[in-house]
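Please work through the exercises below with the model open in a viewer. Each task is followed by a solution in steps.

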Amino acid sequence: MFAVRAIAAGVRIIEYSGEQITHAEGERRYPTQADGDEEAEHTYLLQLDDDRVIDANVGGNDARFINHSCAPNCEPMPALDRMWIVSVRRIQPGEELGYDYAIELDEPHTNARKRRFPCRCGARGCRGTLLKPKHAPHHPLVRAARRRWSLS
Ligand SMILES: [Zn+2]
């Protein structure tokens with residue numbers, strides 16, 4: 001998904017819509033692969049909070065087409081019962097939008113599990129996996145936006 005006009009930093013670009021389901025239901029719909037096997041692509045699950053994930057295969061919008069990037073210009077921001085994709089820097093027309101999928105498994109992120117979720121984003125400093133790095137706090141602009149919208 002590409003920007004068709006300039007987008008300022010700290011802007012809610014699009015809601016990540018879809019059906020809200022439990023993690024258990026997400027696992028039932030899209031079972032985890034065994035270590036060594038790649039996960040099926042295009043499951044479009046995004047974690048909303050500790051209890052819920054959003055399944056964009058059901059009622060999802062264009063936000064589900066935003067790719068992962070290890071050098072992201074957007075970040076998902078949970079806000080009450082919804083998820084927004086927020087720009088974390090100024091984005092030029094024609095730039096591809098990308099956020100860090102930062103997938104978190106219940107199990108430890110071993111190298112075998114990282115290989116189930118390979119990243120080929122091509123960014124300098126690509127970490128090679130879509131799994132969440134150990135310490136990944138919200139971007140300062142996203143924290144500021146949440147304060148501005150009185151969400152935290
Ligand atoms: Zn990458």
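The exercises concern a predicted model and proceed from the whole chain to single residues.

**Exercise 1. Overall architecture**

Task: Determine how many helices and strands the protein chain has, and in what pattern they follow one another along the sequence.

Solution.
Step 1. The protein chain contains three helices and eight strands.
Step 2. Read along the sequence, these elements give the pattern β-β-α-β-β-β-β-β-β-α-α.
Step 3. The radius of gyration is 15 Å, close to the 15 Å that the globule rule gives for 152 residues, so the protein chain is as compact as a globular protein of that length.
Step 4. Along the principal axes, the C-alpha trace spans about 40 × 35 × 25 Å.
Step 5. Of the contacts between residues at least 6 apart in sequence, 72% join residues at least 24 apart.

**Exercise 2. Confidence**

Task: State the mean pLDDT of the protein chain, and identify which element has the lowest mean pLDDT and which the highest.

Solution.
Step 1. The mean pLDDT of the protein chain is 90, with 96% of its residues at 70 or more.
Step 2. Among the elements, helix 3 has the lowest mean, 84, whereas strand 2 has the highest, 97.

**Exercise 3. The open sheet**

Task: Establish the order of the three strands in the open sheet and which strands stand at its edges.

Solution.
Step 1. The three strands are arranged in the order 2-4-3, with antiparallel pairing.
Step 2. Strand 2 (19-22) and strand 3 are at the edges; each has a single partner strand, so one side of each is left without a neighbour in the sheet.
Step 3. On average, neighbouring strands of this sheet are turned by 35° against each other, direction ignored.
Step 4. The antiparallel pairing of strand 2 with strand 4 runs over four bridges. In this region, Ile 21 has Val 53 of strand 4 as its bridge partner.

**Exercise 4. The partners of strand 7**

Task: Describe how strand 7 pairs with strand 6 and with strand 1, and decide whether strand 7 is mostly covered or uncovered.

Solution.
Step 1. Strand 6 and strand 7 pair in the antiparallel sense over six bridges. Within strand 7, Val 86 stands opposite Glu 75, and Ile 85 is the bridge partner of Pro 76.
Step 2. The hairpin of strand 6 and strand 7 has two residues between the strands, and Leu 80 takes a positive phi near 55° there.
Step 3. Strand 1 (residues 12-15) also pairs with strand 7 in the antiparallel sense, over three bridges. Here Trp 84 in strand 7 is the bridge partner of Glu 15.
Step 4. Strand 7 is mostly covered, since five of its six residues are buried.

**Exercise 5. The nonpolar core**

Task: Identify which residues of the largest nonpolar core touch the most other members, and which strand supplies the largest share of this core.

Solution.
Step 1. The core has 20 residues, of which Tyr 16, Leu 46, Ile 54, Cys 74, Ile 85 and Val 86 touch the most other members.
Step 2. At least two core residues come from each of strand 3 (45-47), strand 4 (52-55), strand 6 (74-79), strand 7 (82-87) and helix 3 (140-148).
Step 3. Strand 7 supplies the largest share, four residues.
Step 4. Beyond its neighbours within four places in sequence, Ile 54 is in contact with Tyr 16, Gly 18, Gln 20, Leu 46, Leu 48 and Met 83.

**Exercise 6. Buried or exposed**

Task: Classify Leu 46 and Arg 120 as buried or exposed.

Solution.
Step 1. A residue is buried if 20 or more other C-beta atoms lie within 10 Å of its own, and exposed if 12 or fewer do.
Step 2. Leu 46, placed in strand 3, has 24 other C-beta atoms within 10 Å and is therefore buried.
Step 3. Not counting residues up to four places away in sequence, Leu 46 touches Tyr 16, Val 53, Ile 54, Ala 56, Pro 76 and Met 83.
Step 4. Arg 120 lies in the loop between helix 2 (111-116) and helix 3. Arg 120 has 8 C-beta neighbours inside 10 Å, so this residue counts as exposed.
Step 5. For the protein chain as a whole, buried residues make up 23% of the 152 residues.

Methods:
Residues are numbered from 1 along each chain as its sequence is written. This is a predicted model: local features need pLDDT of at least 70, side-chain atom pairs count only at pLDDT 80 or more; totals for chains, interfaces and linings use all residues. The radius of gyration is taken over C-alpha atoms; the globule rule is 2.2 Å times the number of residues to the power 0.38. Two residues are in contact if their C-beta atoms, placed from the backbone, lie within 7 Å. A nonpolar core is a set of buried Ala, Val, Leu, Ile, Met, Phe, Trp, Tyr and Cys residues joined through C-beta atoms within 7 Å. Two strands pair if DSSP finds at least two bridges between them. Axes are lines fitted to C-alpha atoms, for helices over the stretch in contact, and angles run from 0 to 180 degrees between N-to-C directions. pLDDT is the predictor's confidence in each residue, from 0 to 100.
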